Amino acid sequence: MISDEIARQFENSGAKYVLTIGLFLENIREAGAQYGKIEKIITLGMEETPEDCLSFIGMLIVDDGSLYQKDYTCDPHNDIVVLPYSSGTTGPPKGVELTHYNMVSNMCQMMHPDVTILEGEPDEDNQETTVAVLPFFHIYAMNTIMTI
């Protein structure tokens with residue numbers, strides 16, 4: 001069952017919060033109940049936010065930042081910024097730990113003039129567009145399309 005696999009990923013990652021869209025909300029709720037340590041489910045793109053969830057856009061609009069650590073420092077070489085899960089082709093899916101440094105260095109590589117697909121400098125009259133055929137949870141799409 002899909003919620004069983006999601007619950008294993010929650011446990012593997014030590015998740016406390018989950019960001020999801022309405023389409024996956026019931027699976028996330030089931031997995032969260034199995035795992036037992038999800039503090040909040042944050043929904044994205046839903047017109048009506050269920051009472052047991054937080055609205056991502058609502059958080060952006062009204063959050064005052066009081067819940068965040070004031071003295072937090074980031075170690076870009078060691079702090080994990082994203083934890084995409086492998087497809088599990090050689091076993092169960094595993095979290096792939098990517099640091100800030102991993103992501104930024106890959107973006108720098110992709111921006112090299114011999115590699116980049118971008119043409120010219122972006123401005124009001126020149127904005128690159130592309131069709132994203134890979135899902136953004138796939139690391140290639142996440143790093144080369146979504147972040148550049």
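A nonpolar core is a set of buried Ala, Val, Leu, Ile, Met, Phe, Trp, Tyr and Cys residues joined through side-chain atoms within 4.5 Å. The structure shown is a predicted model. Its largest nonpolar core has 12 residues in all, and a nonpolar patch of about 1,000 Å² is found on the surface. The strands form an open sheet.

**Nonpolar core**

- The largest core consists of Ile6, Ala7, Phe10, Ala15, Val18, Leu25, Ile28, Ala31, Tyr35, Ile38, Ile41 and Cys53.
- At least two residues of this core come from helix H1 (2-13), and at least two come from helix H2 (25-35).
- H2 provides the largest share of this core, with 4 residues.

**Sheet**

- The sheet has 3 strands in the order S1-S2-S3, and their pairing is parallel.
- S1 and strand S3 (53-55) are the edge strands, as each pairs on one side only.
- From one strand to the next, the twist averages 35°.
- The parallel pairing of strand S2 (residues 40-44) with S3 runs over 3 bridges.
- Ser55 in S3 has Thr43 opposite.

**Nonpolar surface patch**

- Leu19, Ile21, Leu23, Phe24, Leu44, Phe56, Ile57, Leu60, Ile61 and Val62 make up the surface patch.
- Strand S1 (17-21) and helix H3 (56-62) each contribute at least two residues to the patch.
- H3 contributes the most to the patch, namely 5 residues.
- Leu19, one of the patch residues, lies in strand S1.

Notes: Residues are numbered from 1 along each chain as its sequence is written. This is a predicted model: local features need pLDDT of at least 70, side-chain atom pairs count only at pLDDT 80 or more; totals for chains, interfaces and linings use all residues. Side-chain values use heavy atoms; hydrogens and water are left out. Patches are made of residues with over 30% relative accessible area and no salt bridge: like charges are joined within 9 Å, nonpolar side chains (Val, Leu, Ile, Met, Phe, Trp, Tyr) within 5 Å. Accessible areas come from the Shrake-Rupley method with a 1.4 Å probe; for residues, only the protein chains shown count as cover. A salt bridge is a side-chain nitrogen of Lys or Arg within 4 Å of a carboxyl oxygen of Asp or Glu. Two strands pair if DSSP finds at least two bridges between them. Axes are lines fitted to C-alpha atoms, for helices over the stretch in contact, and angles run from 0 to 180 degrees between N-to-C directions. Buried means under 20% relative accessible area, exposed over 50%, partly exposed in between (1.4 Å probe, protein chains only).
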